[in-house]
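Reader: I should like to learn how to read the features of a protein model. Please show me the structure and begin with its general build.

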Amino acid sequence: KKFIDLKFAIRSQTIFKCRRFTVSSVPCTVAGMAQSGGIWTGDCKEADGTFTEVTYDCTLSDFVSLVQAYSGYLNSVFARVDSSTSSALSQIQVSLKNLLDVNFLDKIATVGNGVTCGFMGTTYRDVVEGLCYGGVWGIKAVASSYTACAVLTLLLILLMYVQWRLAIDNVNASGKIMDSSTPVVPM
């Protein structure tokens, strides 16, 4: 008897939690959702596009009815998802392709079209002029510098020889060497 009483108490008390959507505080179910002329009605969306969910206490029979109705709710919702996906898919594909063309492929094509070999002739001519004519002028300048250094070195050698010769002749003439019979520089 206690079991029957407990079962009856569970069936009659509001100890279950049920959920439903509301639109402007009015209960709503998605079972009646339908599309008419591309516009969906009965989808339980607020005017701003959001959903308001309310939790309320319910009996076991209310809870069982709600769970059994979920199959129909899910069928309605997935039918809308399928319809929205197929209509949005073409728009997404076209928009994505256009964005890809404008922001990526067109820029690559612009760079590719601007790259030609026209600069090669001018660059090659500049390289030849720089290496041949500029190189010849540079080698001539280096050769002239070496010649100038050689002439200046010969003048310096001549001056140093004269200086050395005067100094050694003075030492030999003054006789300030310890052994006067031996000249400083062998003759």
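Author: The protein has three helices and five strands, where helices (H or I, at least four residues) and strands (E, at least two) are DSSP runs numbered from the N terminus. Their pattern along the sequence is α-β-β-β-β-β-α-α. This is a predicted model, in which local features need pLDDT of at least 70, side-chain atom pairs count only at pLDDT 80 or more, and totals for chains, interfaces and linings use all residues. Residues are numbered from 1 along each chain as its sequence is written, and side-chain values use heavy atoms, with hydrogens and water left out.

Reader: What does the radius of gyration of the protein say about how spread out it is?

Author: The radius is taken over C-alpha atoms and set against a globule rule of 2.2 Å times the number of residues to the power 0.38. Here the radius of gyration is 54 Å, well over the 16 Å that the rule gives for 187 residues, so the protein is more spread out than a compact globule. Along the principal axes, its C-alpha atoms fill a box of roughly 155 × 55 × 30 Å.

Reader: Is D43 buried or exposed?

Author: Buried means under 20% relative accessible area, exposed over 50%, and partly exposed in between (1.4 Å probe, protein chains only). D43 counts as buried because its relative accessibility is 11%. Of the 187 residues in the protein, 9% are buried.

Reader: Where does D43 lie, and which residues is D43 in contact with?

Author: Contact means heavy atoms within 4.5 Å. D43 lies in the loop between strand 4 (39-41) and strand 5 (52-58). Neighbours within four places in sequence aside, D43 is in contact with V30, M33, F51 and R80.
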